[in-house]
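Subject: A structure for you to look at

Hi,

Here is the structure I promised to pass on. Have a look at it first, then read my notes underneath with the viewer open.

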Amino acid sequence: MVMVRVLLLQLAALLVVSAACGFGWQAAGFWSALAGGGCYLLPSVLSVVLLNFFKSKPEWLRYGFFIGESLKIVLAMVLMFVVFAVYHQNLKFIPFILGLIATSH
């Protein structure tokens, strides 16, 4: 349940930063911040799902944590690469990074 609260806090921080970037950089800033935060939020959700899967097997829980964290880092990097490759012309770098930082911290 604590992990779900963390995800909800990450989502709330992302929405606040995205709205602020929307005021500063208009629609492109909003969507860039949302994309940046989404590149971290989606792997975090998958990591929580993986940890919940291993919750019923306490002896495997630490392996699930390491696998989940490794998967989160790799997926976040892959998602960032894909977002930059597909949307590089419309993406605003500063809002993207602000969304990523707000979600990851």
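Let's start with the overall picture: the protein has 3 helices and 0 strands. If you follow the sequence from start to end, the pattern reads α-α-α. Please keep in mind that this is a predicted model.

For a sense of scale, the C-alpha atoms fill a box of roughly 50 × 25 × 15 Å along the principal axes. Of the 105 residues in the protein, 30% are buried. I also checked contacts between residues at least 6 apart in sequence, and 66% of those join residues at least 24 apart.

**Helix α3**

Try finding α3, which runs over residues 93-104. That makes 12 residues, and the distance from the first C-alpha to the last is 16 Å, close to the 16 Å expected at 1.5 Å a residue. Which residues of α3 are buried? They are P95, F96, G99, L100 and T103. These residues sit on the same side of α3, because they cover an arc of only 135° around the axis. As for what covers them, the list includes α1 (2-54) and α2 (61-87).

One of those buried residues, P95, is also handy for seeing how distant parts of the chain are placed. Pick A20, which belongs to helix α1. A20 and P95 are 75 residues apart along the chain, and their C-alpha atoms are separated by 9.1 Å. A20 itself counts as partly exposed, at 47% relative accessibility.

**The salt bridge**

Next, charges. Side chains of opposite charge can pair when their charged atoms come close. How many salt bridges does a search of the whole structure find? The search turns up 1. The partners are the side chains of E69 and K72, at 3.3 Å from N to O. Why are they about one helical turn from each other? Because they are 3 residues apart in helix α2.

Is each partner buried or exposed, or something in between? E69 has a relative accessible area of 25%, so E69 is partly exposed. K72 has 12%, so K72 is buried. The cut-off used here is that buried means under 20%.

**The largest pocket**

Now turn to the largest pocket, which holds about 160 Å³ of space. The lining is made of M3, V6, L7, Q10, S44, S47, V48, L51, F65, E69 and K72. You'll recognise E69 and K72 there, the salt bridge pair. Which helix gives the largest share of the lining? That is α1, with 8 residues. Both α1 and α2 supply at least two residues of the lining each.

Another lining residue worth clicking on is S47. S47 is in helix α1 and counts as buried, because its relative accessibility is 4%. Leaving aside residues up to four places away in sequence, S47 touches G68 and E69. So E69 turns up in several places: E69 pairs with K72 in the salt bridge, E69 touches S47, and E69 helps to line the largest pocket.

If you want a route through the viewer, begin with α3 and its buried residues, go on to the pair E69 and K72, and finish at S47 in the lining of the largest pocket.

Have fun exploring!

Terms used. Residues numbered from 1 in each chain as written. Predicted model: local features only at pLDDT ≥ 70, side-chain atom pairs only at ≥ 80, totals over all residues. Heavy atoms only, no water. Helix = DSSP H or I, 4+ residues; strand = E, 2+ residues; numbered from the N terminus. Expected span 1.5 Å × (residues − 1). Buried < 20%, exposed > 50% of the residue type's maximum accessible area, 1.4 Å probe, protein only. Arc of directions from axis to C-beta. Contact = heavy atoms within 4.5 Å. Salt bridge = Lys/Arg side-chain N within 4 Å of Asp/Glu carboxyl O. 1 Å grid on protein atoms, 1.4 Å probe; cavity = no way out; pocket = protein on both sides within 12 Å on 5 of 7 lines; lining within 4 Å. Points joined across faces, edges and corners; volume = space filled by probe spheres on them.
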